[in-house]
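Grab a coffee and open the viewer. Here are a few short exercises, each with a worked solution.

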Amino acid sequence: MLFINAFWKIRYTLTTLHLEIPECNYSIKLAEILFYCRNLKVLTYVVVNGSLPMALGDLELLEDSHDSLIDLSLSTRPVITGQPLKSLVRRCQNLRRLVIGKCSSDVFDVVLEDCPNLDIFYFDNNRGVTFIPCLNDLNEKYNKNNNSNGPDKSFFSTKTTTTTTPVISIASFDQSTDNDTVGKLRILSTPTSYLYHGSGTPISQLMRFLQKNQKTLEQIYANMSMTNEQKENDEPRPLPPNYGVNMLSFDRLEHLTYVADIYGVMEKFFLNSIESSHSSLNSFEAVDSFNIPAVVDTLVKIPPLQKLKFFYHTDQEALRRYTYQYYNGDKEQKQQQDDAAAEQSMVRLFKSYASSCNNYYHLPSTIGFNNDNNTRVLETVIFEECKFITDNVLNTFAEIKTLKVLKLKNISAADRITTQGFKDFLIKLGQNTKIMKLELNHMDEVFKEDDGDKMLFLIGKNMVWLKTLHLEDLANITYQGINDMLDVMKGERFRNLTIEQCEAIAKLESKIENHIKKYCSHVNLEIDNSYCG
């Protein structure tokens, strides 16, 4: 009753509410919140232990729809299912952003049928932790585009609002278009982050979303790994499935992240799609790709991207042996062949990028949302747990003069990256590029004993444009190596040094701080050794 009285007193002014209920006593029902708070625009409702049907309350209290609510985040335990969600969203027809916690696959169908105005939909069936854009992010992007290029009146129309979370621009379509077949969604996200992508999204529902919203989608995060239902049905099977669609035309797609499906069918679908509709794509991330040569074949046919990320996690690798792709001969020989093909493909990709990007090396930075793809250049590259990184790949990669950000994480050398080869790479990277941000994480097979500090020295001496350096989980770097690196750095461009989980430095934080205060006070230092033994 206390909360009801509070809601009544602020019913005209409350526009944003974030509420977490630890236990399932349901003293605060969703129906009551929406009934009293008619001007509520942003609602986050989390029940740590309890179901959505009980949390809803009596929705008949809402005699008409709640027109103000545009941003809704729901999380309950057990999982959210389609029917109770349908009862709720049918009374909130102006939703523009919907974030659903752990949920069943029928939630997809409800959102497709009953949320016609969504701009952002995040389907988090594994409670993954990731950045989820808010409506203001899309507003700022739209305003930036208008300021730089003028309004695109043929596609966008805006609504004026005085709320703290403004209603973002919406796509305008021919009035004769069937609303059931054409959507307005701009961001579709399922969990793809490391350790969180877990079981996948049902591909049939995912495909319906993609088909309906192909003309408006700007960001796609698609987890196509094995679903729990597939595992229960004894998949994978020898023959690949047929989803009936080979490609779509994503006219406005800017970013694509996918966790590849075990059969490789959906990965090929996305590659075909971006090859046929590549004009706006500027960021690409492939997770668990089984076909790097096919990925490269597509990337070399489209204008250079600004950001590339390759991440390989091995959870699906064992399942592959049950599919038609699997080779039943000598496993070690086949793996060597795959690794060699991936290496050759990456060398080909970076040679292509060096050739195209270096022509624009002297142009101003082109980072932005509406770049001319004729002058777009590669600036950010991230490799995580990639087996195809070799001396040869790194040597070719360092030829791309437009690089500004590089992250290498959990790169297992296995003698494919030699100590001398990596030293040569650091020198060449510093000489050829204006690298501004470098992150090296868990690379002890490269940063070998007695060589870690030498690597740091080469970074300090050669990377004169470096502003930020992040060193994590490197056992073979020392306090002396950090000092030597800082001493040879030229000028005051270098601003941020982060050191995490580096055991040799764990007890010397104060010494490094004193050295920085004395010799390079402009550098911000952050050391986190909380996980060191």
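**Exercise 1: Two cysteines**

Task: work out why Cys37 counts as buried, and do the same for Cys502.

Solution. Keep in mind that this is a predicted model. Start with the cut-off: buried means under 20% relative accessible area. Cys37 comes out at 0% relative accessibility, so Cys37 counts as buried. Cys502 also has a relative accessible area of 0%, so Cys502 is buried. Then check for disulfides: a search of the whole structure finds zero.

**Exercise 2: How far to trust it**

Task: find where pLDDT stays under 50.

Solution. Begin with the whole chain: its mean pLDDT is 82, and 81% of the residues reach 70 or more. Now look for the weak stretches. One is residues 150-179, where pLDDT stays under 50 although the model has 61 contacts beyond four places in sequence for them. Another is residues 365-371, again under 50, with 22 such contacts. Where pLDDT is low, don't read the predicted coordinates in detail.

**Exercise 3: A strand with two neighbours**

Task: place strand S11 between its partners and say which way its side chains point.

Solution. First, the partners. Strand S10 (residues 255-259) runs parallel to S11 and is joined to it by five bridges; His255 has Ser283 as its bridge partner. Five bridges also link S11 to strand S12 (residues 307-311), again parallel, and Phe284 stands opposite Leu308 there.

Next, the side chains. In a regular strand they alternate between the two faces of the sheet. Here Ser283, Glu285 and Val287 point one way, while Phe284 and Ala286 point the other. Finally, burial: five of the five residues in S11 (residues 283-287) are buried.

**Exercise 4: A covered helix and the core**

Task: describe helix H13, find what covers it, and see where Phe422 turns up again.

Solution. Take the length first. H13 (residues 419-432) has 14 residues and spans 20 Å from first C-alpha to last, close to the 20 Å expected. Then the burial: ten of the 14 are buried, including Phe422, Lys423, Phe425 and Lys428. Their cover includes helix H12 (391-397), strand S14 (405-409), strand S15 (437-441) and helix H14 (452-462).

Now the core. The largest nonpolar core has 135 residues, and Phe422 is among those with the most contacts inside it, as are Phe121 and Phe284. Helix H11 (residues 331-357) gives the most to this core, with eight residues. To finish, click on Phe121: beyond its neighbours within four places in sequence, its contacts include Leu98, Ile100, Phe108, Leu185 and Phe209.

Definitions and conventions. Residues are numbered from 1 along each chain as its sequence is written. This is a predicted model: local features need pLDDT of at least 70, side-chain atom pairs count only at pLDDT 80 or more; totals for chains, interfaces and linings use all residues. Side-chain values use heavy atoms; hydrogens and water are left out. Helices (H or I, at least four residues) and strands (E, at least two) are DSSP runs, numbered from the N terminus. The expected span of a helix is 1.5 Å times one less than its number of residues. Buried means under 20% relative accessible area, exposed over 50%, partly exposed in between (1.4 Å probe, protein chains only). Contact means heavy atoms within 4.5 Å. A nonpolar core is a set of buried Ala, Val, Leu, Ile, Met, Phe, Trp, Tyr and Cys residues joined through side-chain atoms within 4.5 Å. A disulfide is a pair of cysteine sulfur atoms within 2.5 Å. pLDDT is the predictor's confidence in each residue, from 0 to 100. Two strands pair if DSSP finds at least two bridges between them.
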